[in-house]
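Trainee: Could you go through this model with me and show how each label is earned?

Mentor: Gladly, let's take them one at a time.

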Amino acid sequence: MNETLTRPQPADAAAAATEHFDVLIVGAGISGVGGAYHLQQQCPGTSFVILENQASFGGTWRTHRYPGIRSDSDLYTFGYRFKPWTGAPIATAEEILRYMSEVIEENGIDRHIRYNHQIVSASWSSADRRWTVVAKRTDNEEVRTFTCGFLWMCQGYYRHEEGYTPEWKGMDRFEGRIVHPQTWPEDLDYTGKRVLVIGSGATAATIIPAMASKAAHVTMLQRSPTFFITGRNANELADLLRQLKVPEEWTHEIVRRKILHDQAIFARRSREEPEVVRKELLAGVRQYLGEDFDIGTHFSPRYRPWRQRVAFIPDGDLFQGVRSGKASVVTDEIDTFTEKGILLKSGKELEADIIVTATGFNLNVLGDVAFEVDGKPVDFAQTVGYLGTMFTGVPNMAWVFGYFRASWTLRADLIGDFVCRLLKHMEEKGATMVTPALRPEERNMELRPWVDPEDFNPGYLVRGMHLLPKQGDHEPWRHTQDYWSEKDDLPKVDLDDGALRFE
């Protein structure tokens with residue numbers, strides 16, 4: 001690697017105004033750090049930079065600071081395939097950040113990261129065969145310009161700076177504090193306070209047991225129930241392999257394959273025998289709450305399993321909190337906020353000192369960056385996705401959009417392989433520009449939503465679907481969200497089948 005590309009030392013400020021790299025990676029979270037690793041391993045000699053708007057790496061695991069924050073995926077599959085995970089399957093944010101720090105340090109990725117760089121715009125020029133990326137430093141307002149041959153968007157798909165909170169009547173009347181998990185205030189003391197958590201997803205299920213130990217009482221208020229799966233925060237196979245002194249690299253891969261095998265079976269059974277799976281999931285909850293608890297009202301969703309994400313509850317801590325009396329569950333709808341809390345449509349009032357709106361996040365599309373191609377603004381809702389990662393009419397760019405039913409990192413690794421293979425293919429062909437384009441016979445192809453709402457429909461996706469690209473009705477224009485097919489199909493995609501135009 002040419003050191004002057006990653007650490008330029010120009011003679012004057014004008015020379016420093018624009019820096020050029022072969023590849024520019026946006027985001028130093030799970031996807032961006034993984035992408036940098038793959039680029040170094042598979043495309044040695046490629047110059048690259050990572051622009052991150054936060055003051056350090058980690059993405060979600062750094063910006064989210066609410067009590068108890070942890071993964072809701074196992075770290076054998078949420079961790080990278082190339083870096084063995086040696087801790088408990090469900091990990092805290094601190095443990096995940098430590099793991100990422102090791103990846104960065106062990107592979108020298110830190111020297112490629114520019115922190116506090118918020119991307120404002122990205123403009124492609126076909127004449128120059130490059131992107132021009134304008135970024136503003138968040139620490140001193142300085143504007144910096146970068147150019148690159150390939151743009152790799154790894155910033156995730158939601159707005160870190162602001163979570164989603166519905167506008168309920170009377171919110172301004174409430175005399176206590178209203179907080180969203182995504183912007184958790186550092187000065188919030190909930191010791192001995194009555195806490196009301198609105199929501200029933202993985203975030204609520206994490207916050208409630210974490211707060212219950214110090215709060216006077218924590219109530220989970222949900223409009224409708226969510227499926228949860230319970231189990232020990234341990235992996236018996238991993239423990240056995242370690243007892244046998246199997247090398248960690250082998251243990252990581254064996255356990256990873258076993259988990260993915262089991263998840264594939266669970267996903268298939270959720271489609272083919274949903275009522276059987278429903279009974280199994282509810283039985284897991286009943287083991288903690290007992291026969292007398294109203295599982296039907298509070299923990300039996302109206303949708304089939306896996307139509308929304310199923311959160312893992314390690315050691316049943318949420319249900320243990322409910323059983324102990326430190327936490328409770330109310331299933332009802334909000335009529336209005338009051339001075340003392342929330343009035344429900346049933347007429348009951350829930351009093352609280354603190355209300356936590358664990359109501360999801362706001363989707364963003366490719367970082368809310370203003371994109372242009374040859375001077376024309378890009379509306380991604382008018383594009384069609386190629387393999388769920390590139391877009392018609394947008395050259396030399398890939399977006400990492402992970403899995404809903406499997407760990408995000410699984411797809412980040414697959415897309416890392418794909419981007420590196422594409423870059424090498426372009427070099428072999430002598431091409432400097434690659435653009436997905438519908439072939440003549442596909443111009444009347446049926447276009448569908450980015451994600452099939454009949455298959456997966458969490459609120460944030462339904463609210464933002466109109467902003468997302470479309471998918472087609474056949475490969476390579478489908479966005480399957482199916483790791484178990486993509487792990488075999490993506491590496492074998494024919495790059496010369498006419499869906500990509502090389503110039």
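Mentor: Let's begin with helix 11, where Arg323 and Ser324 are exposed on the other side from its buried residues. Keep in mind that this is a predicted model.

Trainee: Which residues of helix 11 are buried?

Mentor: Leu318, Phe319, Gly321 and Val322, within a helix that spans residues 317-324.

Trainee: How do you know that they line one face of the helix?

Mentor: Looking down the axis of helix 11, the buried residues fall within an arc of 155°, so they line one face. Their cover includes helix 6 (202-212), helix 9 (274-289) and strand 13 (327-331). Just after helix 11, glycine 325 has a positive phi of about 95°.

Trainee: Now the rings. Why is the pair of phenylalanine 401 and tryptophan 450 called edge-to-face?

Mentor: Their centres are 5.6 Å apart, with 85° between the planes. Pairing needs centres within 6.5 Å and edge-to-face needs over 60 degrees, so both conditions are met.

Trainee: What makes this pair a tie between parts of the chain?

Mentor: Phenylalanine 401 lies in the loop between strand 23 (397-399) and helix 12 (408-429), and tryptophan 450 in the loop between strand 25 (448-449) and helix 13 (459-464), so the pair ties together parts 49 residues apart in sequence.

Trainee: And why does phenylalanine 401 count as buried?

Mentor: Buried means under 20% relative accessible area, and phenylalanine 401 is at 0%, so the label fits. Tryptophan 450 is also at 0% and counts as buried.

How values were computed. Residues numbered from 1 in each chain as written. Predicted model: local features only at pLDDT ≥ 70, side-chain atom pairs only at ≥ 80, totals over all residues. Heavy atoms only, no water. Phe/Tyr/Trp six-rings, centres within 6.5 Å; stacked < 30°, edge-to-face > 60°. Helix = DSSP H or I, 4+ residues; strand = E, 2+ residues; numbered from the N terminus. Buried < 20%, exposed > 50% of the residue type's maximum accessible area, 1.4 Å probe, protein only. Arc of directions from axis to C-beta. Contact = heavy atoms within 4.5 Å.
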